[in-house]
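Hi,

Here is the structure I promised to pass on. Have a look at it first, and then read my notes underneath.

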Amino acid sequence: METVVTFLLIIGAIFLVSFLAGRNNEKTMRERCFRAWDKSFGKVPAKKMSPQRFEHIGGYEKCHRGTFTIDDITWNDLDMDQVYRRIDATESASGEEYLYFLLRTPAQKTEEAAVDEALIRHFEEDGSADRQAILWILRSLGHTGAYSLYDYLDRLDELGERSNTREILQLILPFAMIGVMFWNTRVGLILLLISLAANVITYFQGKSRISPYLACFRYLLRLLKCADRLSVVLQKSDPALYRKEIEALNRGREALSSFRRGSSMLMAGSASSGNPVDVVLDYVRIFFHIDLIKFNAMLSDVKTHLADIDELTGVMGRLDAQISIASFRKSLPAYCVPELVETTGHEAPVFEVKGLVHPLLAKPVANDLTAKRGVLLTGSNASGKSTFLKSIMLCALLSQSIHTAPATSYRGSYFRLLTSMALRDSIREGQSYFMVEIRSLKRILDASKETDSCPVLAAIDEVLRGTNTIERIAASSEILPALEKGNALIFAATHDIELSELLKNSFTNMHFTEEIKDGDVVFSYRLMDGPATTRNAIRLLSMVGFDSALTRNAEERAEHFEQTGEWKL
């Protein structure tokens with residue numbers, strides 16, 4: 001008897017030490033994470049995301065597209081993959097996908113705003129304790145590997161309608177055969193072995209079919225566990241501030257209570273863990289299909305409550321993304337909360353900005369602009385035209401998506417944002433650069449004709465660069481005014497100085513310039529009124545080492561053409 005008591009005491013001591021060690025490790029990890037989050041808040045994120053994960057980042061966005069979505073041309077022109085990474089400091093897959101959704105689906109009117117300004121300000125200014133508590137919970141939510149939860153949910157229909165009738169019959173059958181043994185032991189035993197063998201075969205067939213979906217169910221169970229913890233944290237912190245979030249979390253938890261009830265039958269460890277209990281449970285599952293029965297019940301719950309799952313994912317993703325936005329704001333040299341105005345085709349678009357910078361630049365030069373009509377930008381190579389166009393578009397996009405303008409002040413209309421800047425020819429579709437370009441311009445023209453929606457804000461870099469000078473200038477002088485006459489505000493950059501004179505009645509001329517210092521070209525990146533009066537392409541050839549006779553002859557030919565309108569042979 002003493003030996004048994006001693007053995008039990010030893011086992012109890014081992015469990016107690018393991019429990020205390022686990023608690024201590026969790027506390028140490030928690031403190032380490034809190035210090036890291038405090039240190040990284042307001043800094044450029046150091047987070048890395050695999051290319052495979054980024055391919056599936058749009059899961060949430062595909063299910064929640066609004067009245068307007070940033071198209072692939074505009075997204076790529078504005079380097080939005082880099083902008084996304086510059087902002088993303090999220091801890092969960094839900095946060096990553098919600099942030100992507102925000103940037104891809106800018107609001108078109110006030111009620112479409114998908115972020116809560118009060119919460120962002122709270123996280124930015126005095127919500128350090130809340131930030132850490134929320135991030136700790138979201139860290140445990142984690143990811144579903146490279147794939148989005150919505151990738152899995154979209155594939156649930158592939159399983160078809162699953163019934164537990166067969167599984168229940170196979171559960172009952174071995175017990176029925178045991179009953180037969182009381183009538184005829186030999187026959188009953190043979191039938192029992194046959195039924196168990198049949199159960200094993202059909203179990204592994206069924207298990208292989210449901211295995212790809214278990215990752216989804218595990219994530220949903222973590223989602224519900226995080227909802228439990230998050231609801232408690234938000235309730236203790238500020239029930240009024242987090243009222244919408246608390247209500248949504250509680251709705252989801254209640255709706256999915258049956259989903260997680262008894263889920264351990266399906267999600268418990270397997271025999272490979274080496275745990276004797278898991279070994280026994282594994283054989284019980286194999287012989288009696290208990291986990292397959294539970295899977296079918298859980299699958300039915302998921303299909304019934306997709307909207308509740310989506311709401312839970314959205315709540316956690318929004319909190320995670322808003323903490324990232326707060327950190328992004330603090331990392332900028334300057335930002336403002338934008339003043340957004342609802343205008344239609346019957347009203348002039350509004351665009352007024354001061355201290356505008358590009359958020360990806362380490363040492364940006366700020367510019368001011370009030371645009372009452374389209375702006376034609378001219379200037380030398382590398383003077384800043386393209387970067388300024390991107391800055392304008394990003395200011396509007398970030399204002400309408402994450403309520404953050406990279407400027408000291410911004411007042412603008414809600415815009416539909418379209419660009420035609422960094423285009424390429426399409427080998428796959430057999431289209432030349434010029435064909436890709438004119439199709440890109442046509443989509444802007446078509447959008448500008450829609451007078452019953454938000455105005456278009458468009459940036460066009462080097463209009464019709466894919467064709468010869470004469471046709472480019474002639475066509476541009478017609479296309480740009482046609483765009484400006486529609487429900488649109490157009491910003492265009494060009495090297496064709498002739499357009500400054502041709503379009504002076506419909507566009508405001510502005511330019512960037514440079515100066516020569518110590519034999520080098522120095523750019524100010526300051527926006528100036530009027531058209532450009534200098535050029536530097538030939539001068540740059542000389543500075544990078546081209547033969548002086550070559551550059552001198554080129555300069556003479558350019559001057560001769562300007563004076564006579566004819567090329568010197």
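Below is what turned up, starting with the ground rules and then going through sheets, helix pairs and a salt bridge.

This is a predicted model, so keep the cut-offs in mind: local features need pLDDT of at least 70, side-chain atom pairs count only at pLDDT 80 or more, and totals for chains, interfaces and linings use all residues. Residues are numbered from 1 along each chain as its sequence is written, and side-chain values use heavy atoms, with hydrogens and water left out.

A word on labels: helices (H or I, at least four residues) and strands (E, at least two) are DSSP runs, numbered from the N terminus.

**The sheet of 6 strands**

This one is an open sheet with mixed pairing, in the order S6-S7-S8-S4-S9-S12. Two strands count as paired if DSSP finds at least two bridges between them. At the edges are S6 (416-420) and S12 (528-529), each with a single partner strand, so one side of each has no neighbour in the sheet. S12 pairs with S9 (residues 508-512) in the antiparallel sense over 2 bridges, and there you can find Met510 opposite Asp529 in S12.

Helix H18 (residues 385-402) packs on this sheet, touching S4 (375-379), S6, S7 (456-461), S8 (488-493) and S9. Contact here means heavy atoms within 4.5 Å. The direction of H18 makes about 160° with that of S7. For angles like this, axes are lines fitted to C-alpha atoms (for helices over the stretch in contact), and the angles run from 0 to 180 degrees between N-to-C directions. Helix H20 (residues 469-485) lies across S4, S7 and S8, running at about 150° to S8.

**The sheet of 4 strands**

This is an open sheet too, again with mixed pairing, and its order is S1-S5-S2-S3. S1 (339-341) and S3 (367-370) stand at the edges with a single partner strand each, so one side of each is left without a neighbour in the sheet. From one strand to the next, the twist averages 15°. S2 (residues 351-356) and S5 (residues 409-413) run antiparallel and are joined by 4 bridges; Lys354 stands opposite Ser409 in S5. H18 turns up here as well: it packs on the sheet, touching S1, S2, S3 and S5, and its direction makes about 110° with that of S2.

**Helix pairs**

Which helix does H18 cross at roughly 125°? That is H6, and the two axes come within 8 Å. H6 and H18 are therefore oblique to each other (angles under 35 degrees count as roughly parallel, over 145 as roughly antiparallel, 65 to 115 as roughly perpendicular and the rest as oblique). Their crossing is right-handed; that means the near helix is turned clockwise from the far one by less than a right angle, while anticlockwise would be left-handed. Leu99, Leu102 and Leu103 in H6 meet Leu397, Leu398, Ser401 and Ile402 in H18. By class, the residues of this contact are 6 nonpolar, 1 polar and no charged (Ala, Val, Leu, Ile, Met, Phe, Trp, Tyr, Cys and Pro count as nonpolar, Asp, Glu, Lys and Arg as charged, and the others, Gly among them, as polar).

H17 (residues 306-331) meets H8 (residues 128-141), with axes that come within 10 Å and cross at roughly 125°. H8 passes H17 in a left-handed crossing. Arg131, Ile134, Leu135, Leu138 and Leu141 in H8 meet Met316, Leu319, Asp320 and Ile323 in H17, and these residues divide into 7 nonpolar, no polar and 2 charged.

H7 (residues 117-125) also crosses H17, at roughly 60° with the axes within 8 Å, which makes H7 oblique to H17. That crossing is right-handed. The contact of H7 with H17 has 7 nonpolar, 1 polar and 4 charged residues.

**Salt bridges**

How many salt bridges does a search of the whole structure find? The total is 24, where a salt bridge is a side-chain nitrogen of Lys or Arg within 4 Å of a carboxyl oxygen of Asp or Glu. One is formed by Glu96 and Lys47, with the closest N and O atoms 2.8 Å apart. Glu96 lies in H6 (residues 93-104) and Lys47 in the loop between H1 (2-40) and H2 (51-55), so the pair ties together parts that are 49 residues apart in sequence.

Cheers
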